[in-house]
Amino acid sequence: MVQSSPFAPVPPPASSAAASASAAGPTITIPMPVPEPVAPPMPVYTPPPPTVTVPLTKKPVAVKSSSSTTTDKVHPPEPMTVTVTARSAGFPALQEGHAASVTVNDHTLSLSATARGFHVVVFDTTAAKPRYELATFDTHADTKHSDRLADFLAHVPVTGVVAIVAVDDAIQALTPRAKAHLAALGARLIRVTEVRDAYALVAPVRTPRDAVEARTPAIEAAPTVPVALTFTLNAAPVPYLRAAGSPAPTRSTRLIQARAAGFTAGAFGEVVVDGIAKTYTQRGVHMIVIYQDRNARRVEQCFDTHLHPDESDRLVNHLEQLDLLPYPSAVLLVGVDDISRCLTERARKALSRIGSNLVDYIGFQDGFVMMARSDAGGATVEAHSRAVLGVPTRWIEMEY
C-alpha cells in the first residue's frame with residue numbers, strides 16, 4: 001500500500017510578489033573571556049592581544065593608465081588564500097618538550113607556554129586580510145569556563161573559521177553542553193577525548209562536515225598530528241539579499257540561510273532562499289521544506305510546542321515521514337518565541353536522529369534553528385542561543 005506524504009509539492013502560484021528583505025538583526029557581542037592565573041607546573045603567561053593582524057604577503061599592483069588625463073589605477077588584491085594549521089599537546093607531551101601551536105600561512109602562534117585549557121582562534125573569511133581573535137578557556141579548572149566556551153562558540157559568525165587547540169588539559173571540567181557545541185562545529189573525536197589528551201580542531205562554521213581534527217591519548221606523551229584547512233578571504237557577507245526586481249540566480253544549487261530568536265531576543269525567525277527573505281513571528285517550531293526544484297513551492301507547517309505536548313507528537317509524525325519526500329529537499333526547523341515548554345523527550349530524540357547535537361540543551365525561550373537534507377544525514381547545520389543572552393542565533397547556511 002503506497003503511503004501518501006504531507007510534503008507533496010504544491011504548484012507555484014500564477015504570480016507572487018518577492019518578499020522584502022528583513023531588517024538586520026541586533027549586533028551580537030560576546031565578551032572575550034579573561035584567562036585565569038595558571039597553577040604550577042605551567043608558567044604564568046600573559047596572552048597576546050585578542051585581535052592580531054597578520055601581514056599580507058600580496059600587495060596591490062600599480063598599473064599605468066592608458067590615458068594621460070587620468071591618474072594611475074591600483075588593482076585590488078586577488079582573494080587571498082589562507083591555510084590554518086593546528087597542533088595540540090597535552091600535559092605529558094609538554095613534559096616531553098613538545099609544542100602546541102596555530103600557524104596562519106607562515107605566521108606561527110605558539111601556545112605551549114600559555115594558559116591551560118582550550119585556545120580558540122577565530123578567523124573571519126569576509127575580511128580582506130587575515131585577522132584573528134584569540135580566546136582561552138580553562139576547562140580543566142571549572143565548569144563555568146565550559147559555559148563561557150559554549151556561549152562563545154554559539155555566536156561565532158557563519159563566515160568564521162575556528163581553530164581549537166587543547167593545551168595541558170581541557171577535558172576535566174568540560175561539560176556536555178560545551179561538547180555539544182563543539183560537535184555542532186564538526187568535532188567527532190571530542191566525545192572520546194580524555195583528561196590530558198592532546199586534541200586539535202579546525203572547522204569552517206558554514207560547513208561543519210569539512211572540519212578536520214586530531215587526538216593523541218595522554219599515555220603516548222606526544223602531540224597531535226598537524227591538522228590544516230585552507231580557505232579564501234573576501235567571502236560574501238551573510239545573509240545574501242537580492243534586490244527587488246533583480247533576476248533569479250542561474251546557478252544549479254539553491255542557497256538557504258536562516259536564523260531564529262527566542263522571546264527575549266525579539267521572537268522571530270528569518271529564512272532567506274536564493275536571496276529572497278521571509279520573516280516568521282508565530283510562536284512554535286516552523287518546519288519548512290524547500291525543494292531543490294525551483295518550480296516546486298515550499299511546504300510549511302508550524303507546531304506550537306510551547307502550548308501542548310500534542311504539538312510535539314505532530315512534529316514527530318512529520319519528521320518520521322521525511323523519507324517520503326518526493327524530491328531532494330532541505331528541511332528547516334526554526335524556533336520562534338519559545339519551543340521548549342512542551343517539547344517532549346520523544347520530539348527531542350526525533351530531532352537528534354536527523355542530526356541535531358544541540359536539541360537537548362534548548363531551554364525556555366531559547367533561540368534554535370537547524371537545517372538538514374532529506375538525502376544526506378551528515379549535512380546538518382544548527383545554531384542555539386540561550387535566552388539569557390537576549391540575542392538571536394547566528395545565521396546558518398546550506399547550499400544544495
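Colleague: What volume does the largest cavity have?
Modeller: This is a predicted model, and the value is computed from it. Four cavities reach 30 Å³ or more. The largest cavity has a volume of about 60 Å³.

Colleague: How many residues of each class, nonpolar, polar and charged, line the largest cavity?
Modeller: Val158, Ala184, Leu185, Val205 and Pro208 are among the lining residues. Arg206, Glu382, Arg394 and Glu397 belong to the lining too. By class, the lining of the largest cavity comes to seven nonpolar, no polar and four charged residues.

Colleague: Which strands each supply at least two residues of that lining?
Modeller: The lining includes Val381 and Glu382, and strand 21 spans 376-385. Ile396 and Glu397 are in the lining as well, and strand 22 covers 396-399. The strands that each supply at least two lining residues are strand 21 and strand 22.

Colleague: Where does the largest cavity lie with respect to domain 1 and domain 2?
Modeller: Domain 1 runs over 81-232 and domain 2 over 255-399. Both give residues to the lining, so the largest cavity lies between domain 1 and domain 2.

Colleague: Strand 22 also belongs to a sheet. Which strands are the edges of that sheet?
Modeller: The sheet is open, has four strands and runs in the order 16-15-14-22, with antiparallel pairing. An edge strand here pairs on one side only. That holds for strand 16 (276-280) and strand 22.

Colleague: By what angle are neighbouring strands of the 16-15-14-22 sheet turned against each other on average?
Modeller: The pairing in this sheet is antiparallel. The average ignores direction. Neighbouring strands are turned by 15°.

Colleague: Which residue of strand 16 stands opposite Glu270?
Modeller: Strand 15 covers residues 268-273 and pairs with strand 16 in the antiparallel sense. Five bridges join the pair. Opposite Glu270, in strand 16, stands Thr279.

Colleague: Now the open sheet with the order 7-6-4-13. Which strands are its edges?
Modeller: This sheet has four strands with antiparallel pairing. Each edge strand pairs on one side only. The edges are strand 7 (107-110) and strand 13 (227-232).

Colleague: What is the average turn between neighbouring strands of the 7-6-4-13 sheet?
Modeller: Direction is ignored in this average too. The turn between neighbouring strands is 15°.

Colleague: Which residue in strand 7 is the bridge partner of Thr103?
Modeller: Strand 6 (residues 101-104) pairs with strand 7 in the antiparallel sense. The two strands share four bridges. In strand 7, the partner of Thr103 is Thr108.

Conventions
Residues numbered from 1 in each chain as written. Predicted model: local features only at pLDDT ≥ 70, side-chain atom pairs only at ≥ 80, totals over all residues. Heavy atoms only, no water. Pairing = 2+ DSSP bridges. Axes fitted to C-alpha atoms, helices over the stretch in contact; angles between N-to-C directions. 1 Å grid on protein atoms, 1.4 Å probe; cavity = no way out; pocket = protein on both sides within 12 Å on 5 of 7 lines; lining within 4 Å. Points joined across faces, edges and corners; volume = space filled by probe spheres on them. Nonpolar A, V, L, I, M, F, W, Y, C, P; charged D, E, K, R; others polar. Domains from an automatic or database assignment.
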